[in-house]
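Subject: Structure handover

Hello,

Here is the structure I promised to pass on. Please open it and keep it beside you while you read my notes.

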Amino acid sequence: MIRCAIVGATGLVGSTFLKVIEEKKLPIDEFVLLASSKSKGKIIHFLDKDYIVEELNENSFDNNRFDYALFSAGSNISLKYAPIAVKNGCIVIDNSSAYRMNEDVPLVVKEVNKNMLIKHKGIISNPNCSTIQAVIPLKILNDLYCIKRVIFSTYQAVSGAGINGINDLNNTLTGKKANKFPYPIANNCLPHIDIFLENGYTKEEMKIIEETRKILNLPNLNITATAVRVPVKNCHCESINVELENDFDILDLKQQLNKIEGIVVHDMPEKQIYPIPTFVDGKDDVFIGRIRRDYSVKSGINFWCVADNIRKGAATNAVQILEELIKRNSHLD
Ligand SMILES: NC(=O)c1ccc[n+]([C@@H]2O[C@H](COP(=O)([O-])OP(=O)(O)OC[C@H]3O[C@@H](n4cnc5c(N)ncnc54)[C@H](OP(=O)(O)O)[C@@H]3O)[C@@H](O)[C@H]2O)c1
């Protein structure tokens, strides 16, 4: 009997957890959907049943009620309730940034480092959406040619800021005031995601840098990042520049990328084929295009990387972790 809680089930990521779980038909017997007091009593149709949303509180995990919990209700909720869940025998897969850089918490992307799952002590973190889509191609580049330096420039969709981000795009497109972002996002690009830190970077930029180092197990890798919010509803785009230790053949590199689970190469500029958000929306793979040599260094490449930030960047990756844990634990039975 496997029981699973979904914390933040009414949010953008939480409702996508439900979609992905339905699609994957995981062997879970019982679900409980939790959210804030605002959603208490709300009915959500899921897996051919009507679920009544419960309000999350200190007793939600009592009596070892759950085997697993997927959290997506923000860092403060994770900081308060994930330890309570773990104390009650539950394994937590957390979507917030609360535990990602904690040494005892594996930060996992299935295609890159699922081997780290054995090290968990109750909490496993799902990386930031911009990090997840980048580390899959970076892992193979490092394995083949050894990465020296990475420069990220991100173009991030408003859905990355939750339901309020989407509302801001819709509202400001019709001339209404911005609530979530500091300026109207309609017809704008804002080089500002999350808070500014003392070092001049935003917290989002530092998350990309630090999480990439942790997942690739390259703690000293030279990385810099600029994260920009753009007026796109869904799917994050990234321009990634990578300097490599060893030389490469560009055709071979494209073929190697295409072979990797979770990557689709869309790269035929002569036919105007390259990844774009409206095509990638709703898909689980990471799409790569505009792959070309960087002639300004001895060995370097540029590429364009697009993924659905709510699916692979959040819900799909978390559900893949859950699937992997269930598989492993069933072998232990
Ligand atoms: N959007 C993305 O691309 C993305 C990607 C990766 C990670 N994440 C992370 O995932 C989390 C949720 O993001 P989102 O985009 O889904 O946000 P969202 O659409 O704003 O949803 C927030 C969810 O949290 C719940 N919640 C808020 N306060 C709560 C409380 N006091 N107790 C219980 N539940 C509460 C909300 O419930 P109510 O509906 O009842 O208010 C809702 O279900 C955040 O930590 C975010 O950083 C988001």
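The protein chain has nine helices and 14 strands. Its radius of gyration is 20 Å, close to the 20 Å that the globule rule gives for 333 residues, so the chain is as compact as a globular protein of that length. Along the principal axes, the C-alpha atoms fill a box of roughly 60 × 55 × 40 Å. Keep in mind that this is a predicted model.

Next, the domains. The chain is divided into two: domain 1 covers 3–126 + 314–332, and domain 2 covers 130–309. Their centres, taken over C-alpha atoms, are separated by 26 Å. Where they touch, 13 residues of domain 1 are in contact with 17 residues of domain 2. On the domain 1 side, the elements that give two or more residues are α3 (110–113) and α9. The residues on that side divide into six nonpolar, five polar and two charged.

Now the sheets. A general point helps here: strands of a sheet pair through backbone hydrogen bonds, either parallel or antiparallel.

Start with the parallel sheet. It is open, has six strands, and runs in the order β5-β2-β1-β6-β7-β8. Its edge strands are β5 (54–55) and β8 (123–125), and each pairs on one side only. Helix α2 packs on this sheet and touches β1, β6 (68–71), β7 (91–94) and β8. The direction of α2 makes about 160° with that of β7. For one pair in detail, take β1 (residues 3–7) and β2 (residues 30–35), which pair in the parallel sense over five bridges. There, I6 stands opposite L33 in β2.

The other sheet has mixed pairing. It is an open sheet of six strands, in the order β10-β9-β11-β14-β13-β12. The edge strands are β10 (222–229) and β12 (263–265), each pairing on one side only. On average, neighbouring strands of this sheet are turned by 20° against each other, direction ignored. Helix α7 (residues 250–259) packs on the sheet and touches β12, β13 (286–293) and β14. Its direction makes about 140° with that of β12. Helix α6 (residues 203–216) lies across β9 and β10, and runs at about 140° to β10.

Look at β11 (residues 236–244) in this sheet. It pairs with β9 (residues 147–156) in the antiparallel sense, over eight bridges. In that pair, S153 stands opposite S239 in β11. β11 also pairs with β14 (residues 300–307), antiparallel and over eight bridges. Here N241 stands opposite N302 in β14. Further along, the bridge partner of E243 is G300, in β14.

Last, the ligand. How many residues surround it? There are 29, and the closest are G11, V13, S39, A73 and G162. The elements that give two or more residues to this shell are α1 (12–24), α2 (75–87), α5 (162–173) and α9 (311–332). By type, the shell divides into 11 nonpolar residues, 17 polar and one charged. Where does the ligand lie relative to the two domains? Domain 1 and domain 2 both give residues to the shell, so the ligand lies between them.

Two helices are worth a second look. α9 gives residues both to the ligand shell and to the side of domain 1 that touches domain 2. α2 also belongs to the ligand shell, and it packs on the parallel sheet.

Best wishes

Note on methods: Residues are numbered from 1 along each chain as its sequence is written. This is a predicted model: local features need pLDDT of at least 70, side-chain atom pairs count only at pLDDT 80 or more; totals for chains, interfaces and linings use all residues. A residue is near a molecule or strand if its C-beta atom, placed from the backbone, lies within 6 Å of it. Helices (H or I, at least four residues) and strands (E, at least two) are DSSP runs, numbered from the N terminus. Ala, Val, Leu, Ile, Met, Phe, Trp, Tyr, Cys and Pro count as nonpolar, Asp, Glu, Lys and Arg as charged, and the others, Gly among them, as polar. Domain bounds come from an automatic or database domain assignment. Two strands pair if DSSP finds at least two bridges between them. Axes are lines fitted to C-alpha atoms, for helices over the stretch in contact, and angles run from 0 to 180 degrees between N-to-C directions. Two residues are in contact if their C-beta atoms, placed from the backbone, lie within 7 Å. The radius of gyration is taken over C-alpha atoms; the globule rule is 2.2 Å times the number of residues to the power 0.38.
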